[in-house]
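Good morning, colleagues. Please take a moment with the sequence and the coordinates before I turn to the cysteine pairs.

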Amino acid sequence: MKRNIKRWKSTSIFTIAVILVVAVVTFGHNLLPYSINWSNSNLITTDNTWSVSAELGVRGYSGADTPVTPGQDARQTLTDSLALNVKANQTNPNTLVEGGVAEFEIANPTIAIKGSDSAHAPYINLLMDSRNLTNIRVRANIRDLDSTANNAVQQVAVQFRYTNDETGPYTNVPSAYIADATDPGTATRVTPIDVILPNITDNRIALEIRIMTVNAVGNDEWIGVDDIMVTGSPALFSTTCDPILSVTQDIPTQRRFFQIAGADGQITVDPLNFGPGLQTFSLMNSTNGSVTTPPFTSGTYNPVSATFVVNNSSMPFDAILRATNQFQGLSIRAQCACIPTPTISDDPNMFPGGLSVFDVDFDPGEVVIDHVDSGSGLQTLSVVNATNAEVEIPVFEPGTVEEVVINYTITDPSQPVDITLRATDAFHGIIIRLGCGANQNNPNKIQTKRQRFLLEK
């Protein structure tokens with residue numbers, strides 16, 4: 001089973017003999033439209049700690065572990081960093097020598113990035129959810145914050161990736177590149193970024209967009225990344241599924257003339273080299289999908305496959321086709337259940353912090369819960385609600401820190417699904433909801449979650 005959560009529980013990166021422990025945090029991918037201008041000074045309060053709130057869905061990295069030579073082309077610097085970094089509550093960009101990522105609480109507050117011999121390729125990473133959206137537009141104001149005589153060639157690049165496990169190289173966006181974002185002796189220059197990302201970033205549950213610089217030749221300058229806005233245009237994206245088939249016969253004996261099979265995006269009728277062959281195969285009606293029946297020679301004994309796509313995976317798909325030979329016919333109903341979309345929150349009846357002590361992963365028909373290897377372990381796991389679904393909670397030893405897999409099956413593929421689960425340890429708890437159907441027809445309204453990053457830099 002593929003795990004969609006990236007976890008580091010004991011990764012160590014050593015730079016200049018300094019070891020900093022970066023706090024345990026919980027990250028989520030932000031629904032679009034998303035914007036932030038850093039005017040709220042309470043979003044970042046502690047060095048090297050990034051948390052998630054209604055406003056903040058951003059991470060900063062120093063790039064200390066990224067191999068870069070001074071002045072290297074930022075557009076060709078595509079590797080990621082594991083070195084979470086931010087210097088909180090800074091007040092003077094002219095005197096902060098150390099590079100990386102910083103929060104400046106100045107007259108016009110901003111987050112900022114600066115390269116150095118230890119911060120090779122600093123960047124901020126925007127965690128976006130672009131499902132059901134196209135034309136993903138990224139806007140930001142790149143501000144020169146250094147009014148000293150420093151005059152480095154301070155590049156800025158915009159890049160993206162969309163791997164589910166947050167690994168692998170980024171892709172550069174050439175049209176967003178800024179060759180030099182700073183001037184000497186003044187801190188007034190503002191260079192806007194306004195770019196539409198390639199359409200491969202459409203409809204992504206885990207889209208990452210980073211704005212970065214690299215260590216320059218000479219004395220680097222702080223550059224603000226302010227007034228960030230990421231938007232998209234609504235769109236529908238087709239998917240396929242393995243249909244559940246049910247067959248109704250005109251008379252009980254006639255099905256022996258046909259064999260019916262379903263596969264990913266297909267419904268196949270095979271005349272079995274018997275009788276008058278397949279005469280007609282046609283669509284009667286369909287809901288939430290497009291079905292295509294191919295041309296074929298009437299009376300064929302060859303298998304004939306209709307193909308289909310589901311318009312919106314958060315809603316059920318339902319189609320009825322009819323196959324006939326010269327004397328008999330079959331009605332074939334093909335159904336695909338909606339795909340539940342998860343949302344996770346702290347249990348309001350327990351101490352806050354459940355989101356940081358449970359890892360949760362999702363696959364169709366499965367929810368995987370893993371308590372972090374500390375504290376009291378997983379104590380209880382229960383079904384709060386299961387509408388149109390059967391949920392199986394396995395037997396486990398209270399206090400376990402091993403993964404526990406919950407299986408669920410959808411009872412009626414034509415109906416909405418709503419499942420609520422609760423997991424607790426001795427002090428914290430989380431509520432997990434999976435829903436789709438009539439009240440969940442826009443998955444863009446459902447929050448997703450990336451869980452637990454524990455790093456040592």
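**Disulfides of the predicted model**

I begin with a single residue: Cys336 is buried, at 5% relative accessibility, where buried means under 20% relative accessible area, exposed over 50% and partly exposed in between, with a 1.4 Å probe and protein chains only. This is a predicted model, in which local features need pLDDT of at least 70 and side-chain atom pairs count only at pLDDT 80 or more, while totals for chains, interfaces and linings use all residues. Residues are numbered from 1 along each chain as its sequence is written, and side-chain values use heavy atoms, with hydrogens and water left out.

The partner of Cys336 is Cys241, and the sulfur atoms of this disulfide are 1.6 Å apart; a disulfide is a pair of cysteine sulfur atoms within 2.5 Å. The torsion about the S-S bond of Cys241 and Cys336 is about 60 degrees, so this disulfide is right-handed. The pair links distant parts of the chain, 95 residues apart: Cys241 lies in the loop between β15 (223-234) and β16 (244-249), and Cys336 in strand β23 (residues 329-336). Strands (E, at least two residues) and helices (H or I, at least four) are DSSP runs, numbered from the N terminus. Cys241 is also buried, with a relative accessible area of 16%.

How many disulfides does a search of the whole structure find? The search finds two. The other joins Cys338 to Cys436, with an S to S distance of 2.0 Å. For Cys338 and Cys436, the S-S torsion is about 60 degrees, so this disulfide is right-handed. Cys338 is buried at 2% relative accessibility, and Cys436 is buried at 1%.

Finally, with bonded cysteines counted along the chain, the disulfides follow the pattern 1-2, 3-4.
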